[in-house]
Amino acid sequence: MMKYNLHTHTKRCNHAYGEDKEYVENAIKSGMKVLGFSDHCPQFFPKKDYYSFFRMLPEQAYEYAENVRSLQKEYKSDIKILLGFETEYYPETYDAFMDFVRPLGLDYMIMGQHFVGNEYDEDSFYTANEGRGKAFLSQYVNQVIEGLDKGAFTYLAHPDIVNFSGPDDYYREQMTVLCRYAKEHNIPLEFNMLGYLNNRNYPDYRFWRIAAEVGNSAVIGYDAHSPEVLLKIDAAGECAAIMSYFGIHVLDFNEMELRNEML
Ligand SMILES: [Zn+2]
Ligand SMILES: [Zn+2]
C-alpha cells in the first residue's frame, strides 16, 4: 500500500515544532507518496477578547498557504504535497470560517472536534477531558454529524477523542449512530497515531469494535506535531496491523474522496 499522511501540523499552531521543509524531507525519507499539511485552522469568534492559542492566527494563514504551495512545486518530483486544515465544526463560526478559507484554495480539510459547543462560550467543553458523561457524548455525536453533513471534510480525525466514563451501552448506542452516519456517507475514520504513541484516551478500542461491526473504513493519521514523527513508519505499520486485527479496511490514498468541491 502507498504510504501517505494527511494529518500534519506546523509550528504556527504554537504547539508543533520544526520547519515545514523538514516535515517534507522526513516524509520523503519514509517513502511517503503524499503528504498533506492540515494545521489547526484560525477561527473567528464573536467574542473579541477570546482567542485560542492552539491554532494559527488568521494573518498567518496566507504565509502558511504560500509556503506549502512553494514546497509543493519544489518537491513535486518526489512527493505530492497537499494544502489543508484541521478544524473543529462550530455552528456559530462555521460561515465566517468558510468565507475566510475559500480564497486560500485548499486541497482538503479534516475535522477534529477538540471542543463541543463553540469553544469560546461558557458551556463548551474540551472533548478529551476525563469523566465525560452521557449528555456530553450525545452532544459530541450530534455536533460532529452536523459538521460532517456540510460535505466539506475528507475524514474525521480521532473520532474517539471523547473521554467517556459513562455506561458502555450508552457509548455503544451513540457511537453506533456516528459510525453509521460515516459509513452511509463514505467518510473514513482516523486511527490517530499521536494518541497511540502517547497512550492518550484515544484510540479507544471500545470505539473501534463498534466501527468494525458497522463496517467503517479507516485512515492512519500521524497527527505529526514534529518532523521526527514522520519517520515512525514502524508505528504506522502497528496501527495498520491493529486495524486489520479488528477487520477494518485501511484506505489507500487513491480510495479516498477529498471532498473539496466547496473549498
Ligand atoms: Zn495539535
Ligand atoms: Zn491534529
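What follows is a friendly exchange about some structural terms and the values behind them.

Reader: What kind of model is this, and how is it numbered?
Author: This is a predicted model, in which local features need pLDDT of at least 70, side-chain atom pairs count only at pLDDT 80 or more, and totals for chains, interfaces and linings use all residues. Residues are numbered from 1 along each chain as its sequence is written, while chains are lettered from A and ligands numbered from 1 in the order in which they are written.

Reader: Why are H4 and H5 called roughly parallel?
Author: Helices here are DSSP runs of H or I with at least four residues, and strands are runs of E with at least two, numbered from the N terminus. Helix H4 (residues 134-148) packs against helix H5 (residues 168-184) at about 0 degrees, the axes being 10 Å apart. Angles under 35 degrees count as roughly parallel, so H4 and H5 earn that description.

Reader: Which residues of H4 make the contact with H5?
Author: Contact asks for C-beta atoms, placed from the backbone, within 7 Å. On H4 the residues are Lys134, Leu137, Ser138, Val141, Val144, Ile145 and Leu148.

Reader: Why is Tyr222 called buried?
Author: A residue is buried with 20 or more other C-beta atoms within 10 Å of its own, exposed with 12 or fewer, and partly exposed in between. Tyr222 has 30 such atoms, so the term buried applies. Tyr222 sits in the loop between strand E9 (217-221) and helix H8 (233-246), and its contacts beyond four places in sequence include Asn5, His7 and Met193.

Reader: And what makes Met262 partly exposed?
Author: Met262 has 13 C-beta neighbours inside 10 Å, and therefore counts as partly exposed. Met262 lies in the segment after strand E10 (249-250). Leaving out residues up to four places away in sequence, Met262 touches Gly151 and Ala152.

Reader: How do you know that the buried residues of H1 are on the same side?
Author: In helix H1 (residues 20-29), the buried residues are Asp20, Tyr23, Val24, Asn26 and Ala27. They cover an arc of only 165 degrees around the axis, so they fall on the same side of H1. The arc is taken from the directions between the helix axis and the C-beta atoms. Among the elements covering these residues are strand E2 (34-40) and helix H2 (61-74).

Reader: What makes E3 and E4 a pair?
Author: Strands pair if DSSP finds at least two bridges between them. E3 and E4 have four bridges, in the parallel sense, and Glu86 has Ile110 of E4 as its bridge partner.

Methods
Axes are lines fitted to C-alpha atoms, for helices over the stretch in contact, and angles run from 0 to 180 degrees between N-to-C directions. Angles under 35 degrees count as roughly parallel, over 145 as roughly antiparallel, 65 to 115 as roughly perpendicular and the rest as oblique. Two residues are in contact if their C-beta atoms, placed from the backbone, lie within 7 Å.
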